[in-house]
Amino acid sequence: MRMKKMRFELPVKIIRGGTSKGVYIREEDLPKNREEWDAILLRLMGSPDKKQIDGLGGAQSVTSKVAIVKKSDHPGADVDYTFAQVSVDKDLVSYKGNCGNISSGVGPFAIETGMIKPENGMTPVRIYNTNTDKIIIADVTTDEDGVVYEGDFAIAGVPGKAAPIKLKFVDPAGTLGKGLMPTGNAVDVLKLPDSREIEVSIIDAANPLVFVRASDVGLRGTELPEEIGPEEEKLLETVRGLAAVKLGLIEDYTRSAWETPGIPKMTFVSESQDYTAINGKEIKADEISLCSRMMSMQKPHPSYAMTGAMCTAAAAVVKGSIVEQVLREGTDTQMIRIGHPGGILECGVDYRETEGAPEIIDTFGFRTANLLMSGNAVVRLS
């Protein structure tokens, strides 16, 4: 018996947001039944397949992302945005956590699709992220005709220059509903399967991250992605899985890649030091506040997640945290410079000192975006 197939055209835009690239979709163009979304997004991106040869994905976690946007009924927001991380090689779509880089394309998408009317000079777009229940304010360069993509601002990990987009994550702490320090501690000790103990800081701002000293996992902190092999990946995923158990996200740390692949995000840090970025640029220790490397969907991130930068900025003001321990002395928390594989990412934090954890008012940073394609994607479902 021949299986009946369904074929339809889905209006999409492909936008490079920060150092990621994603497919942006109006929510009204997807089924009202969200249980049908996964099959569509997997087919759209060509997953599961390491090459994603039969879809729009780019065979890396940073190019296998989807933003779903609609006009908002949420108080204080212009649009609602749901982030979907589509696994490259697994039959899996994760809606846990947000992507700050993809967030930088939401404002332009909302303006391009007529959800927001552009202003002359700059258009603020208030974005409600459904994944984290948080507001992000994106200041998008515009004129009366729409988004202005051309500019003279450069970000590490993206060739050329473009117009800056300021992203401010308002009241970013506690996306899991457990506050900035969800375990109540600036530092926790995790016991590895081989009985070794390792110190981590689990901080939740914009997204939950688990930070570990690079030296505690046998790394320098200056590695480029290709220098992190299978054994290092396995150890880092074990640490992340144990942190996920501690957060109550899963019960079995060995299931972390399947049950909570996107959060907490694994990050290893070190004091600032000289290193060579992916593009061959020499980064000097005195140019940066710390060295940091992130994992994305169990693989080394080629640059740095924007939500990761927001959480790193928040962790920098948590007394005793591993990030605060390695931060260059005298760093201005309005200008934290993270040295990552692609270069340097600048970010900052506004906060108040309080009893226990600091109150994070907002975290902020700058990205760029570029509209790459507008049209219809053909989706075939069997």
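Which residues are buried in helix α1 (residues 37–45)? In this predicted model, the buried residues of helix α1 are Trp37, Ile40, Leu41, Leu42, Leu44 and Met45. A good way into the structure is to follow these side of the helix to its neighbours: the buried residues of α1 pack against β1 (6–17), β2 (20–26), β3 (65–71), β4 (79–86), β5 (93–94) and β21 (369–381). Just after α1 comes glycine 46, and its phi is positive, near 85°.

Attention now turns to the empty space inside the model. Rolling a probe the size of a water molecule over the atoms shows where such space is left. Here, four cavities of 30 Å³ or more are found. The largest cavity holds about 240 Å³ of space. Its lining is made up of 25 residues, and Gly262, Lys265, Met295, Ser296 and Met297 are the closest to the centre. Several elements share in this lining: β4, α4 (230–246), β13 (265–270) and β16 (290–296) supply at least two residues each. Among the contributors, α4 gives the most, with four residues. Sorted by class, the lining of the largest cavity comprises ten nonpolar, nine polar and six charged residues. Strand β4 thus appears twice in this account, as a packing partner of α1 and as a supplier of residues to the lining of the largest cavity.

The second largest cavity has a volume of about 40 Å³. Around this second cavity stand Pro108, Val140, Thr141, Val147, Val148, Tyr149, Ala163, Pro164, Ile165 and Ala369. Nine residues of this lining are nonpolar and one is polar, while none is charged.

Methods:
Residues numbered from 1 in each chain as written. Predicted model: local features only at pLDDT ≥ 70, side-chain atom pairs only at ≥ 80, totals over all residues. Heavy atoms only, no water. Buried < 20%, exposed > 50% of the residue type's maximum accessible area, 1.4 Å probe, protein only. Contact = heavy atoms within 4.5 Å. 1 Å grid on protein atoms, 1.4 Å probe; cavity = no way out; pocket = protein on both sides within 12 Å on 5 of 7 lines; lining within 4 Å. Points joined across faces, edges and corners; volume = space filled by probe spheres on them. Nonpolar A, V, L, I, M, F, W, Y, C, P; charged D, E, K, R; others polar.
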